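Colleague: I am just starting out with protein structures, and I would love a close look at one part of this one. Could you take me through the salt bridges, and then show me a little of what surrounds them?

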Amino acid sequence: MSRIRNASRGESLTSPTSPEEPWPVRTVSRKIADWINRLGTIWVEGQITQISARPRAATAFLTLRDPSADVSLTLTCSSNLLREMDPPLTDGSRVVVHGKPSFYVGRGTLSLRVDEIRSVGIGELLARIERLRQLLKAEGLFDPARKRALPFLPNRIGLVTGRASAAEHDVLSNAQLRWPAVRFEVRNVAVQGSTAVPQILDALDELDRNPEVDVIVLARGGGSVEDLLAFSDETLCRAVSASGTPVVSAIGHEPDSPLLDHVADVRCSTPTGAGKRVVPDVAEETQRIHQFRDRARRALQGWVEHERRLLDSLRSRPALADPHGPLEHRAEQVGALRQRSQRAVLAELSAEQHRLATTRSRLTALGPAATLARGYAIVQRIGPHGSSVVRSVDEAAPGTRLRVRVTDGSVYAVVPHNQQDEESGGSQTAGESSAAP
């Protein structure tokens, strides 16, 4: 309770608060006001959205809005300052104000007490757009290499445009004329003024997150530089560059060129051109299909005709015209060769038989049997170690047993001891004689 009493007397409180010892509202408001009063004067740029100035009131109230965000600030200034503006301020005017932030303790509101207001002219707006253009170009947002091709036939097209606008009608009607089955996801937003950029950003983000949307069209009719200023906003340009869905810019007419045209993946000079660009022409595609079908038919017929001629050519060849003829001819050749081989074998056998008979005759004539048949005999000495042919009389000592082979058998004899009797022509030997077969 002592801290609360001290606070009611305006003493500075630095101790922490707690549920048991909270600060009163007046203390909090005064502390906020003291902190804000230390900020000093500042220059602020924005867009006027609301002007409240009573005829005999000394103070006028205005609302200054950020063009790129849903943020606004209350301005207070003298009515004379507002009346002296040339040209007069209107809703949507871009201004730069100089003032000091102030916090009203009684109402708990924050405002900017303005002592100078400067209108942003066309020249200044164009200079700012040019500076932003150079900045975005240096960062590569205008690079053609990063631009994506549009799908041939999108499943669904997102359209961001003004409500019941001519741009909306042009895009929808031209796309449906070219492809009647086209489907759109339309988001109506403000296309100029202080709320344009935030609403366009929300619609762009919503359509980009929709998996059925394959392309997004930002469309607006023509207008002055101030009317098209929202489509040169830096935040919007960066959002379009970061979008995962291809974006088509169809802003104004051919001479109009906001920065969005350079950042978007495809730039169309008018909303009508965008309606024709995002979908193919069903008549042209049908005609192209017929042409492809005719080309395929002619190509197939040509191939079949070529193969038919090839088959006819193959069929006319002798091997296919008379398939049995070559086989029969080969059979005759095989038969002739077989006969020739038989004759050659028989001739060779006959010659060999003749040579064999000749050799046999020669062998017979030269053999020992023929010699024996002519009256000759072979005398062999019989000993304990076998027999051997007697080639000399010296080999036949008296008493030697002999075997005499003649043509029809063998005769055994013994050499007599008195060889003179044998040599004198005696017919009997000293031992037995016998014939052996």
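Modeller: Happy to! Let us start in helix α4, which covers residues 122-138: E130 and R133 both sit there, three residues apart, and that spacing is about one turn of the helix. Please keep in mind that this is a predicted model. E130 and R133 form a salt bridge, and their closest N and O atoms are 3.2 Å apart. Is E130 buried, partly exposed or exposed? Its relative accessible area is 35%, so E130 is partly exposed; the label applies because buried means under 20% and exposed means over 50%.

Now look for a similar arrangement in helix α12, residues 324-366. E352 and R355 both belong to this helix, again three residues apart, or about one turn. Their side chains meet in a salt bridge, with an N to O distance of 1.6 Å in the model. E352 has a relative accessibility of 37%, so it counts as partly exposed, and R355, at 40%, counts as partly exposed too. Elsewhere, salt bridges with shared partners link R156, E185, R187, E206 and E212 into one network.

Another pair to find is E116 and R118, whose side chains meet in a salt bridge at 2.8 Å, N to O. E116 is partly exposed with a relative accessible area of 28%, and R118 is partly exposed with 46%. How many salt bridges does a search of the whole structure find? The count is 19.

Next, let us see how two helices meet. The axes of α6 (residues 196-208) and α7 (residues 234-242) come within 10 Å and cross at roughly 10 degrees. Angles under 35 degrees count as roughly parallel, and α6 and α7 are therefore roughly parallel to each other. On the α6 side, the contact is made by I200, L201 and L204; on the α7 side, by T235, L236, A239 and V240.

For a look at the surface, turn to W23, V28 and I32, which make a nonpolar patch of about 220 Å². V28 is placed in helix α2, residues 25-37, and it counts as partly exposed because its relative accessibility is 35%.

Last, visit T90, in the loop between α3 (79-83) and β4 (94-104). T90 is partly exposed, at 45% relative accessible area. Leaving aside residues up to four places away in sequence, T90 touches I48 and I51. T90 and Q47 are 43 residues apart along the chain, with their C-alpha atoms separated by 9.7 Å.

How values were computed. Residues are numbered from 1 along each chain as its sequence is written. This is a predicted model: local features need pLDDT of at least 70, side-chain atom pairs count only at pLDDT 80 or more; totals for chains, interfaces and linings use all residues. Side-chain values use heavy atoms; hydrogens and water are left out. Patches are made of residues with over 30% relative accessible area and no salt bridge: like charges are joined within 9 Å, nonpolar side chains (Val, Leu, Ile, Met, Phe, Trp, Tyr) within 5 Å. Accessible areas come from the Shrake-Rupley method with a 1.4 Å probe; for residues, only the protein chains shown count as cover. A salt bridge is a side-chain nitrogen of Lys or Arg within 4 Å of a carboxyl oxygen of Asp or Glu. Helices (H or I, at least four residues) and strands (E, at least two) are DSSP runs, numbered from the N terminus. Buried means under 20% relative accessible area, exposed over 50%, partly exposed in between (1.4 Å probe, protein chains only). Contact means heavy atoms within 4.5 Å. Axes are lines fitted to C-alpha atoms, for helices over the stretch in contact, and angles run from 0 to 180 degrees between N-to-C directions. Angles under 35 degrees count as roughly parallel, over 145 as roughly antiparallel, 65 to 115 as roughly perpendicular and the rest as oblique.
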